[in-house]
Amino acid sequence: MECKVKVNKKTIPCGDVSWGDSEDSLGMEFSFSLPFSYFDPQQNKTLKVGDIVTIYIGKKTALQGIITQASLGGGEYRGYDFAFYLNKSTTIIQFKKASANEAITKLCKRFGVPLGSMPKMPTLITKLYKNEAVSDILKDILKKVRHETGKKYKLRMKGGKLEIIEVGAVKIRPIYIDELGRKCECTHACSISGTRSIENMKNSVTVAGSSEKSAQVKATAKDEASIKKYGLLSVVETDEKIDAAKARNRAKNILKQQNKVTTSFTAEMPGNTNIRAGVRIYFNRPEAQVKGWYKVKSCTHTFSNGNYRVSCEMEN
C-alpha cells in the first residue's frame with residue numbers, strides 16, 4: 001500500500017501521514033512529511049502554505065484540505081480540511097423563527113460553503129449571533145435541535161461539501177486487505193482496552209427556569225429501577241425561556257442519553273478511510289465482553305512505512 005499527496009496537479013509519494021477528528025469537532029486536522037534535501041535537486045521542492053492537497057491511501061481518497069503550516073526547513077506540513085474557514089471566520093447574523101435547515105443554509109451560503117446531505121430539522125431558531133465563529137453558530141443550532149429532539153448531529157466535510165449526519169446513525173463494518181490478499185474485518189485484528197463505568201450516569205433529571213428570583217421546576221424525569229440499583233444520580237438543567245412541554249421533552253431526552261452504564265474503550269486496528277468520528281462500528285470480541293455496535297468518539301489515522309493503522313476511542 002502506498003500513500004501519495006496530490007498538489008498543483010502533481011502526485012507526490014509522501015512519508016508519514018496522520019489525520020483525525022472527534023465527535024465534537026468540525027473538520028479534520030492532518031499532517032504529513034515529504035522527502036526533502038536542500039542540496040538535492042530531486043528533493044529540494046517545497047509546498048506552500050495555502051496549497052490545496054488531496055491525500056490518497058492506495059487508490060482511495062483519505063481527505064482533501066489546505067496546508068496551514070509548513071516547516072521553515074521544508075518537508076513537514078500541517079493543515080485542515082475545508083472546515084478550517086468555518087472555524088476561523090466570525091460573523092454577525094440573526095435568525096427569526098427559521099428552521100434549523102434554513103438557518104444553516106443561509107449561513108453556509110453567506111460564506112460560499114457547498115452543502116451536502118442534511119437531515120430534516122424543523123426546530124425553530126430565533127437568535128442574534130454577534131461576533132461568533134461560524135463553526136460555533138452551527139454547533140449552537142445543532143445543540144438547540146438536540147434539546148428539542150434528543151438527536152445529536154455532527155458536522156463534517158466530505159468531498160468538499162459540508163454535510164450533517166446523526167451521530168451513531170451511520171453504521172459500517174470496515175474491512176482491510178491482509179497479506180494474503182483476503183478481505184478481513186478490521187475489528188477482527190484489533191486490540192481493545194477500556195472500562196465500564198457509572199461515573200457519568202444520571203438517573204434523575206430536573207429542568208427548571210433560570211430566573212434570579214426563583215427557580216421554578218418545569219419538568220422532571222427519573223428511572224426508579226436505576227435509582228434503586230445504583231443510587232440517586234441527579235442533574236439540573238436550566239433555561240430561562242423554556243415552556244413546560246419543551247421542558248418535559250428535554251428531561252426525557254437527557255435521561256435517555258445519560259441513564260446508562262458507559263462502555264468505553266480504545267480500539268487499535270488496521271486502517272480504513274471510512275472510519276470517522278460519529279459512525280458506529282460492529283464489534284464481536286467476547287474476550288473483552290464487547291459485542292454490538294459502538295460509536296466512534298474520536299479517531300486518529302496513521303500511515304508510516306507502508307503500514308496503515310487507526311486508533312479509535314469507542315463508546316456505547
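Which elements each supply at least two residues of the lining of the second largest pocket? They are β9 (124-133), α3 and α5. Keep in mind that this is a predicted model. Here's a quick tour of its two biggest pockets, plus a little sheet that α5 packs on.

**The largest pocket**
- This one has a volume of about 1,000 Å³.
- Its lining takes in 35 residues, and E23, R146, K152, Q257 and K295 are the ones nearest the centre.
- If you're looking for the elements around it, α3 (134-149), β10 (153-158), α5 (244-258) and β21 (290-304) each give the lining at least two residues.
- Sort that lining by class and you get 17 charged, 11 polar and seven nonpolar residues.

**The second largest pocket**
- Here the space comes to about 740 Å³.
- There are 19 lining residues, with L124, K144, D239, K246 and R250 closest to the centre.
- Helix α3 makes the largest contribution to this lining, with five residues.
- By class, the lining holds 12 charged, four polar and three nonpolar residues.

**The three-stranded sheet**
- Three strands line up as β17-β16-β18 in an open sheet with mixed pairing.
- At the edges sit β17 (217-222) and β18 (234-238), each pairing on one side only.
- On average, neighbouring strands are turned by 15° against each other, if you ignore direction.
- β16 (residues 204-208) pairs with β17 in the antiparallel sense, over five bridges, and T206 stands opposite T220 in β17.
- α5 packs on this sheet and touches β16, β17 and β18, while its direction makes about 30° with that of β17.

Conventions
Residues numbered from 1 in each chain as written. Predicted model: local features only at pLDDT ≥ 70, side-chain atom pairs only at ≥ 80, totals over all residues. Heavy atoms only, no water. 1 Å grid on protein atoms, 1.4 Å probe; cavity = no way out; pocket = protein on both sides within 12 Å on 5 of 7 lines; lining within 4 Å. Points joined across faces, edges and corners; volume = space filled by probe spheres on them. Helix = DSSP H or I, 4+ residues; strand = E, 2+ residues; numbered from the N terminus. Nonpolar A, V, L, I, M, F, W, Y, C, P; charged D, E, K, R; others polar. Pairing = 2+ DSSP bridges. Axes fitted to C-alpha atoms, helices over the stretch in contact; angles between N-to-C directions. Contact = heavy atoms within 4.5 Å.
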